[in-house]
Amino acid sequence: MKNAKPIIAIVSCYKMIDGQPSQAVYQKYIDAVNFYGGNPILLPNTAADSSNFEALLAMVDGILLTGSYSNVAPTRYGATHREAKQDLGRDELSFKLLAYADKTNTPLLAVCRGLQEMNVHFKGTLHPDWREVKGFYEPHLEDSSQPLEVQYQPVHDVIIEPAGRLAAFGKKWHVNSLHKQAINKVGERLLVEALAPDGLVEAISLSEHPFMIGVQWHPELNYEKDNLSKFLFTEFIHYASKQRTE
């Protein structure tokens, strides 16, 4: 067993597919985990209600919180606005996974919505829509009229903080950006890893955890060629592999 690939649990989202309620994960997340040596499994939102939650997660070596069409529910961070795109089952599972990863030191990579969940779990808050905040000027939201390959192209820099885990990669990179919600108050015990030039928080990590990192961009899109994507997934699977052998 010690030589087996690390098992990476990927959180699923509620989707309507062919008119039927479904649990789904975009293929690119599965492919990225598989490409870097992980063994991906999908967790439906019912996993959060299972009396065997900890027994199920005991088989897991790493957790991936994906981006999503939906947004974190306002009640999770004390907001009162109406949020049309919610997935309460996803919220429940992701927050339970974050608590588990914190308690057990399980490696966790959080992408876009996942970063926002991570921040809220550690008592941070969000801007419901960064476009309503004075000072943010970078193109953080995709042009939905364009083809997907255009929407996911890099559009702005991220400036990497020198004291963080991402500093091992470098000082700056160019990333894509497809989000409405954004970090407002940074959560407790979280370190800011990278900022956009306009000050929007682009990456965070959990202090004193072997590997818990959240990024606001989408490293899964160009995971084979983009250097920062390669760094993130390589590190994530590396720490998941260590988790499996310890």
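# Strands, helices and cores of a predicted model

User: In the hairpin that S12 and S13 form, which residue in the turn has a positive phi, and of about how many degrees?
Analyst: In this predicted model, S12 and S13 form a hairpin with five residues between them. The two strands pair in the antiparallel sense over three bridges, and Ile-204 stands opposite Gly-214 in S13. Within the turn, the residue with a positive phi is Glu-208, at about 65 degrees.

User: Which residue in S12 is the bridge partner of Leu-191?
Analyst: Strand S11, residues 190-195, runs antiparallel to S12 and is joined to it by five bridges. These two strands also form a hairpin, with five residues between them and with Gly-199 in the turn at a positive phi of about 95 degrees. Among the pairings of S11 with S12, the partner of Leu-191 is Ser-205.

User: How many of the residues of S12 are buried?
Analyst: S12 has partners in the sheet order, where S13 and S11 stand on either side of it, and H4 lies across S12 as well as S5, S6, S11 and S13. The strand is described as mostly covered, and the number of its residues that are buried is six of six.

User: Which strands are the edge strands of the open sheet of nine strands?
Analyst: The sheet has mixed pairing and follows the order S4-S1-S5-S6-S13-S12-S11-S8-S9. An edge strand here pairs on one side only, and this holds for strand S4 (39-43) and strand S9 (172-175). Neighbouring strands are turned against each other by 25 degrees on average when direction is ignored. The edge strands are therefore the two that pair on one side only, S4 and S9.

User: In S6, which residue is the bridge partner of Leu-64?
Analyst: In contrast to the hairpins described above, S5 and S6 pair in the parallel sense, over three bridges. Helix H1 (residues 27-35) packs on the sheet and touches both of these strands along with S1 and S4, its direction making about 150 degrees with that of S4. Across the pairing of S5 and S6, the partner of Leu-64 is Leu-109.

User: At about what angle does H4 run to S12?
Analyst: Helix H4 (residues 113-121) is mostly covered, since eight of its nine residues are buried, including Arg-113, Glu-117 and Met-118. The helix lies across S5, S6, S11, S12 and S13. Its angle to S12 is about 55 degrees.

User: At about what angle do H3 and H4 pack, and how far apart are their axes?
Analyst: In this contact Arg-90, Asp-91, Ser-94, Phe-95, Leu-98 and Ala-99 of H3 meet Arg-113, Gly-114, Glu-117, Met-118, Val-120 and His-121 of H4. The residues involved divide into five nonpolar, three polar and four charged. The crossing is right-handed, and the packing angle is about 65 degrees with the axes 10 Å apart.

User: Which element gives the most to the largest nonpolar core?
Analyst: The largest nonpolar core has 32 residues, among which Ile-63, Leu-97 and Met-118 touch the most other members. Elements that each supply at least two residues include strand S1 (7-11), helix H2 (53-57), strand S5 (62-65), strand S6 (108-111) and H4. The greatest contribution is six residues, and the element that gives them is H3.

User: Which residues does Leu-97 touch, not counting residues up to four places away in sequence?
Analyst: Leu-97 is one of the members of the largest nonpolar core that touch the most others. Once residues up to four places away in sequence are set aside, Leu-97 touches Val-11, Leu-43, Phe-53, Leu-57, Ile-63, Leu-65 and Leu-108.

User: Is Asn-71 buried or exposed?
Analyst: Asn-71 has its place in the loop between S5 and H3. Beyond its neighbours within four places in sequence, Asn-71 is in contact with Glu-83, Lys-85, Gln-86, Asp-87, Arg-113, Lys-180 and Gln-181. Because its relative accessible area is 10% and the cut-off is under 20%, Asn-71 counts as buried.

User: How far apart in space are Thr-245 and Ala-4, C-alpha to C-alpha?
Analyst: Thr-245 lies in helix H6 (residues 227-245) and counts as partly exposed, because its relative accessibility is 39%. Although Thr-245 and Ala-4 are 241 residues apart in sequence, their C-alpha to C-alpha distance is 9.3 Å.

Technical notes: Residues are numbered from 1 along each chain as its sequence is written. This is a predicted model: local features need pLDDT of at least 70, side-chain atom pairs count only at pLDDT 80 or more; totals for chains, interfaces and linings use all residues. Side-chain values use heavy atoms; hydrogens and water are left out. Buried means under 20% relative accessible area, exposed over 50%, partly exposed in between (1.4 Å probe, protein chains only). Helices (H or I, at least four residues) and strands (E, at least two) are DSSP runs, numbered from the N terminus. A nonpolar core is a set of buried Ala, Val, Leu, Ile, Met, Phe, Trp, Tyr and Cys residues joined through side-chain atoms within 4.5 Å. Contact means heavy atoms within 4.5 Å. Axes are lines fitted to C-alpha atoms, for helices over the stretch in contact, and angles run from 0 to 180 degrees between N-to-C directions. A crossing is left-handed if the near helix is turned anticlockwise from the far one by less than a right angle, and right-handed if clockwise. Ala, Val, Leu, Ile, Met, Phe, Trp, Tyr, Cys and Pro count as nonpolar, Asp, Glu, Lys and Arg as charged, and the others, Gly among them, as polar. Two strands pair if DSSP finds at least two bridges between them.
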